[in-house]
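Welcome, and thanks for taking a look at this one with us. Below is a short briefing to read alongside the model.

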Amino acid sequence: MTHPPLTLYLAAPRGFCAGVDRAIKIVEMAIEKWGAPVYVRHEIVHNKFVVDGLRAKGAVFVEELEDCPNDRPVIFSAHGVPKAVPAEAEQRQMVYVDATCPLVSKVHIEAQRHAESGLQMIMIGHKGHPETIGTMGQLPEGEVLLVETVEDVAQIAVRDPDKLAYVTQTTLSVDDTRDIVAALQARFPLIVGPHKEDICYATTNRQEAVKEVAPKVDALLVVGAPNSSNSRRLVEVGAKAGCAYAQLVQRADQIDWRALEGIRSVGVTAGASAPELLVNEVIDAFRARYEVTVEMVETAVENVEFKVPRVLRVPA
């Protein structure tokens, strides 16, 4: 039986970013240095496959610091944590390693700097997302107001409309954020923005690659976890860029083959916390059903690397 032909357009960049790479390395090096178990507050990155792999090596994932014993190292996730968390770890004399992505830390420093200048902060982000909780937790209660949509901008009550600054979650849709920023600037003309956009290079690059792929394909598959903000944004960006069917899948076994009946071309990308292994798994699943031609669509080349904290680079 001959398989029908199919062109797979592989978006690049895709998958792991430098911050995710560094966070995973931090957990692995901590286990190597201090032995198992090493505790991790929250999922180190939003990907079940990655988390399960680290758990098998000796990482114990917990929701809060109170779930950790005092005598074992604890790692804070790549999404960042409120200031109260490291303060509590220090008070309990715990060994801790902060795996916060340096680009998220940059936003934390920005928020702190604006607050010291007497500005109230507005954060563009998703309520309940660990990164949003971490950034808002850098300042006292009420000092950071959250907006999720353009509509929210009209509703927020600020202390002084002339003394405001905004920051954004690093994993948002570039286009949606642009509209919210425009609404903020229209309502508060003196609002201060970041020196450089907060949305990280990896989020932007992955979205640009999807915009390039989407018009070429009948369907787009984004490999990533349902709780991964940047992965879900890729699905939205693909749909907005003209792809009739855009779907998030964690693994190849989640592909809805019936929805793909009769297609001739598929775009494949992966969120910043999805390993390339899972992308290859998806490609293999297509090869089992189609005569596949793979075409690379590359819109940027990434060579960013972040160092792991010094405590892990010196012997125990």
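Is Val 249 buried or exposed? Val 249 is buried, with a relative accessible area of 1%. Please keep in mind that this is a predicted model. The points below begin with the whole chain and then turn to single residues.

**Overall fold**
- The protein chain is built with 10 helices and 12 strands.
- A compact globule of 316 residues would have a radius of gyration near 20 Å, and the 21 Å of the protein chain agrees with that.
- The C-alpha trace spans about 65 × 55 × 30 Å along its principal axes.
- Of the contacts with a separation of 6 or more, 76% are between residues 24 or more positions apart.

**Surface and charge**
- Buried residues account for 52% of the 316 residues.
- About 14700 Å² of the protein chain is exposed, and carbon and sulfur atoms supply 50% of that area.
- The chain carries 33 positive and 43 negative charges, and the mean positions of these two sets are 3 Å apart.

**Val 249 and its surroundings**
- Val 249 sits in strand S10, which covers residues 245-249.
- Beyond its neighbours within four places in sequence, Val 249 is in contact with Val 222, Val 223, Gly 224, Gln 254 and Ile 255.
- Leu 221 is 28 residues from Val 249 along the chain, yet their C-alpha atoms are separated by 6.8 Å.

**Two helix residues**
- Asn 205 belongs to helix H8 (residues 201-213), and its relative accessible area of 17% makes it buried.
- Leaving out residues up to four places away in sequence, Asn 205 touches Pro 13, Thr 299, Ala 300 and Glu 302.
- Gln 185 is in helix H7 (residues 174-187) and counts as partly exposed, at 41% relative accessibility.
- Apart from neighbours within four places in sequence, Gln 185 is in contact with Tyr 166 and Ile 191.
- The C-alpha atoms of Gln 185 and Val 153 are separated by 9.9 Å, with their positions 32 residues apart along the chain.

**Cysteines**
- The structure holds zero disulfides.
- For Cys 17, the closest cysteine sulfur is that of Cys 200, but the 5.8 Å between them is too far for a bond.
- Cys 17 counts as buried, at 11% relative accessibility, and Cys 243 is buried too, with a relative accessible area of 5%.

**Backbone points to check by eye**
- Most residues other than glycine have a negative phi, and most peptide bonds are trans.
- The peptide bond from Ala 12 to Pro 13 is cis, with omega near 5°. Pro 13 lies in the loop between strand S1 (5-12) and helix H1 (18-34), and Pro 13 is also one of the residues that Asn 205 touches.
- Another cis peptide bond joins Ala 36 and Pro 37, where omega is about 0°. Pro 37 is placed in the loop between H1 and strand S2 (38-41).
- His 42 is not a glycine, yet its phi is positive, near 70°. This residue is found in the loop between S2 and helix H2 (48-57), and His 42 counts as buried at 18% relative accessibility.
- Gln 93 also has a positive phi, of about 55°, although it is not a glycine. Gln 93 is in the loop between helix H3 (84-91) and strand S5 (96-98), where it counts as exposed at 72% relative accessibility.

Conventions: Residues are numbered from 1 along each chain as its sequence is written. This is a predicted model: local features need pLDDT of at least 70, side-chain atom pairs count only at pLDDT 80 or more; totals for chains, interfaces and linings use all residues. Side-chain values use heavy atoms; hydrogens and water are left out. Helices (H or I, at least four residues) and strands (E, at least two) are DSSP runs, numbered from the N terminus. The radius of gyration is taken over C-alpha atoms; the globule rule is 2.2 Å times the number of residues to the power 0.38. Buried means under 20% relative accessible area, exposed over 50%, partly exposed in between (1.4 Å probe, protein chains only). Contact means heavy atoms within 4.5 Å. Accessible areas come from the Shrake-Rupley method with a 1.4 Å probe; for residues, only the protein chains shown count as cover. Lys and Arg count as positive and Asp and Glu as negative; His and the chain ends are not counted. The place of a charge is taken as NZ of Lys, CZ of Arg, CG of Asp or CD of Glu. A disulfide is a pair of cysteine sulfur atoms within 2.5 Å.
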